[in-house]
Amino acid sequence: MSDARPILYLDGVSVSFDGFRAIDNLSLVLEKGEMRAIIGPNGAGKTTMMDIITGKTKPDEGEVFFDGDIDLTRHDEADIAMLGIGRKFQKPTVFESHTVEDNLLLALKGKRSAVKALFDRRSPRQAERLGHILETIRLSARRHDLAAGLSHGQKQWLEIGMLLAQDPKLLLVDEPVAGMTDAETGETARLLKEIAQTHSVIVVEHDMQFVRELGVKVTCLHEGSVLSEGTLDFVSADQRVVEVYLGR
Amino acid sequence: MMIVRALADGFTWRVAAAVLVLVAAAIVVPVLNLSVPAGSALHVPTYAVTLFGKYLTYALLALALDLVWGYCGILSLGHGAFFALGGYAMGMYLMRQIGSRGVYGNPILPDFMVFLNWKQLPWFWYGFDHFWVAAIMVLAVPGLLAFVFGWFAFRSRVTGVYLSIITQAMTYALLLAFFRNDMGFGGNNGLTDFKDIIGFDIQSDETRAALFAASALTLALGVVLVAFFVKSKYGKLMIAVRDAESRTRFLGWRPENVKLFAFTASAVMAGIAGALYVPQVGIINPSEFAPANSIEVVIWTAVGGRATVVGPIIGALVVNWGKSWFTGAFPEFWLFALGGLFILVTLFLPKGIVGTLVEGWTARRARRASATAEKDVEPESFGKDEELRAEAAE
């Protein structure tokens, strides 16, 4: 019964910054276990939408519900992260002066008490989980290196690894393949598809080849609301989508 | 057992060496002062014991600042306030110890209160005739102020230069408040003319040597504590908050709590430093709250190397020793020298003395390691490099 409830439910959400409507009456429903790709030109409101879901920005109006009946507009970033929403930023954001392993350690699911962290020691189960994640994101060999020394693509993977360590119910992944080589892009698609087997995922991406590889339902945003929704072929055949991308 | 192991984990050789040196100093210096006759070349004169005892309390203050600035990214320009508050708590105890030996001979009221025609002791002076009450206040007053201040500031997400400015405003407000006679802390003159500390004559060589030893041992304890903080998962969290605060938030941590804990712990450390400082210099007055004092602490920490455990101690000792020497030799030029030092360090040693040494040492080790690794593959890869370069040139 509970499985029938959508993992994420946005209805009539709007938010303005200094009179500019970044999100305009946006509605979107993501089913449990679904992976969704979000496309749209610059300024379409993709990142603002993620800010609203993760509590960074409060909507002026509209409803945002997570996992059925949790009202996300009443929670802040840390609460929402603990409720089970993980986020990867557009610009890879990792802790540069920490090792790869420590980055994952700080993300690892568990109690988030600053004072308790003073006496927190790594359990064998945590160590095993770290090793597993490192293998998944192909960074086992770099585990003791500083994150600052990683290549751009490796930082993207590390951030995805941090998401995995959090083990959230819903992953928001903003431009995971920006700045990656073709081989890395293919690898990332494989990784995300693997993650999507056990999690709900929203991926924002410009790279159409990558979106095609994911092979999931696509939502095209424009000026803060949904312009078109369906398979990639359906969306890219939509005359309005073509106009938005190419201009008239 | 777990705590012992956790403590041992935090010990790099630099930390261990610092603790060892401080403990040795706590034993050797008093012995050389008290047991070696004044004529001997090994004799340490009492003025030097007191002077370096004072420097050690400055070093503890710098270490406290390093915990919040170096590791947690909170540039506090008001740490002198916590130092001064700890100093005032100790000063109040020392005032009550004077008893009827004051100029006016009042057994209860300190001289300045008699002078102001006060008839009875203000309520906040109660209990300060007991050392343990004063000791608790040394910890509690700076800690509480930091907690309340930090609770509001960090929760409102005040960061960066704005936070620095309000810490500066905090210490300035306290400076003005403590200048007022009505506050009941001796106004402009502050608290002075101390006689005894826990029953010992505060002027005697033995007491001064003991205060030096207490300062050195407390600093050693501070080093152990900061090293333990830094090496723990909490320490990693502090650095994470320093480098990418919003990222920690999206991982579910509350950076405001991380900062609040560091800020409060650091304020308590600063308070202890102040409490050890006052009996050695013999006075505490509102000038200790001066914003310039807090800024000097930042300079010591930067010179020594922030985000290192040993750096701020070396910075505080070097700069203050330099100050004592300089103000004797060229009194008019000290502030220019201090300003120049800060500029030179910022330009040429952005990581401070210790930070630069550590970096150089690590880089040399890395170069050696890669040199050894390269030896086996050198001829072939070298040739390849040449080819690639030739191709690139075309």
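This is a short walk through a predicted model, with something to select at each stop.

**Stop 1: where the two chains meet**

Start by colouring chain A and chain B separately. At their meeting place, 22 residues of chain A are in contact with 21 residues of chain B. Now stay on the chain A side and select α2 (77-83) and α3 (100-107): each of these helices supplies at least two residues of the side that touches chain B. The largest share, four residues, comes from α2(A). If you colour that side of chain A by residue type, you should find 11 nonpolar residues, five polar ones and six charged ones.

**Stop 2: the six-stranded sheet of chain A**

Hide chain B for a while and look for the open sheet of six strands in chain A, which runs in the order β6-β7-β8-β3-β9-β10 with mixed pairing. Which strands sit at the edges? Select β6 (85-88) and β10 (225-230) of chain A, each of which pairs on one side only. Turn the sheet a little and follow its twist, which averages 20° from one strand to the next.

Two helices are worth switching on here. Helix α5 of chain A, residues 152-166, lies across β6 and β7 of chain A and runs at about 175° to β6(A). Over at β10(A), select residues 239-246: this is helix α9 of chain A, lying across β9 (217-222) and β10 at about 125° to β10(A).

**Stop 3: strand β7 and its partners**

Next, select residues 170-174 of chain A, which make up strand β7. Is this strand buried or exposed? Five of the five residues of β7(A) are buried, so the strand is largely enclosed by the rest of the structure. Show the side chains as sticks: Leu170(A), Leu172(A) and Asp174(A) point one way, while Leu171(A) and Val173(A) point the other way. That fits a general pattern: in a regular strand the side chains alternate between the two faces of the sheet.

β7(A) has a parallel partner in β6(A), with four bridges between the two strands. For an example, pick Gly86(A), whose bridge partner in β7(A) is Leu171(A). Another parallel pairing, with five bridges, joins β7(A) to strand β8 of chain A, residues 200-204. Here Leu171(A) has Val201(A) as its bridge partner in β8(A), and Leu170(A) is matched with Ser200(A).

To see how the chain gets from β7(A) to β8(A), add helix α6 of chain A, residues 182-196: the three elements make a right-handed β-α-β unit.

**Stop 4: a buried cysteine**

Go on to strand β9 of chain A and pick out Cys220(A). This cysteine is buried, with 23 other C-beta atoms within 10 Å. Leaving aside residues up to four places away in sequence, Cys220(A) touches Ile39(A), Gly40(A), Leu227(A), Ser228(A), Val235(A) and Val241(A). For a sense of scale, draw a distance from the C-alpha atom of Cys220(A) to that of Ala189(A), 31 residues apart along the chain: they are separated by 19 Å.

**Stop 5: the four-stranded sheet of chain A**

Still in chain A, find the open sheet of four strands in the order β2-β1-β4-β5, where the pairing is antiparallel. Its edges are β2 (20-30) and β5 (70-71) of chain A, each with a single partner strand, so one side of each is left without a neighbour in the sheet. Select residues 61-66 to show strand β4 of chain A, which pairs with β5(A) over two bridges. One residue to click on is Phe66(A), whose bridge partner in β5(A) is Ile70(A). Then add helix α1 of chain A, residues 46-53, which lies across β1 (8-17), β2 and β4 and runs at about 65° to β2(A).

**Stop 6: two unusual backbones**

Pick Asp167(A), in the loop between α5 and β7 of chain A. Asp167(A) has a positive phi of about 50° although it is not a glycine, and it is partly exposed, with 17 other C-beta atoms within 10 Å.

Bring chain B back and look in the loop between β2 (196-197) and β3 (200-201) of chain B, where you will find Ile198(B). This residue isn't a glycine either, yet its phi is positive, at about 35°. With 11 C-beta neighbours inside 10 Å, Ile198(B) counts as exposed.

**Last stop: the domains of chain B**

Finally, colour chain B by domain, with residues 2-350 as domain 1 and residues 356-394 as domain 2. The centres of these two domains of chain B, taken over C-alpha atoms, are 47 Å apart.

How values were computed
Residues numbered from 1 in each chain as written. Chains lettered and ligands numbered in written order. Predicted model: local features only at pLDDT ≥ 70, side-chain atom pairs only at ≥ 80, totals over all residues. Contact = placed C-beta atoms within 7 Å. Nonpolar A, V, L, I, M, F, W, Y, C, P; charged D, E, K, R; others polar. Domains from an automatic or database assignment. Pairing = 2+ DSSP bridges. Axes fitted to C-alpha atoms, helices over the stretch in contact; angles between N-to-C directions. Buried ≥ 20, exposed ≤ 12 C-beta atoms within 10 Å, placed from the backbone. Right-handed = clockwise from strand over helix to strand, strands pointing away.
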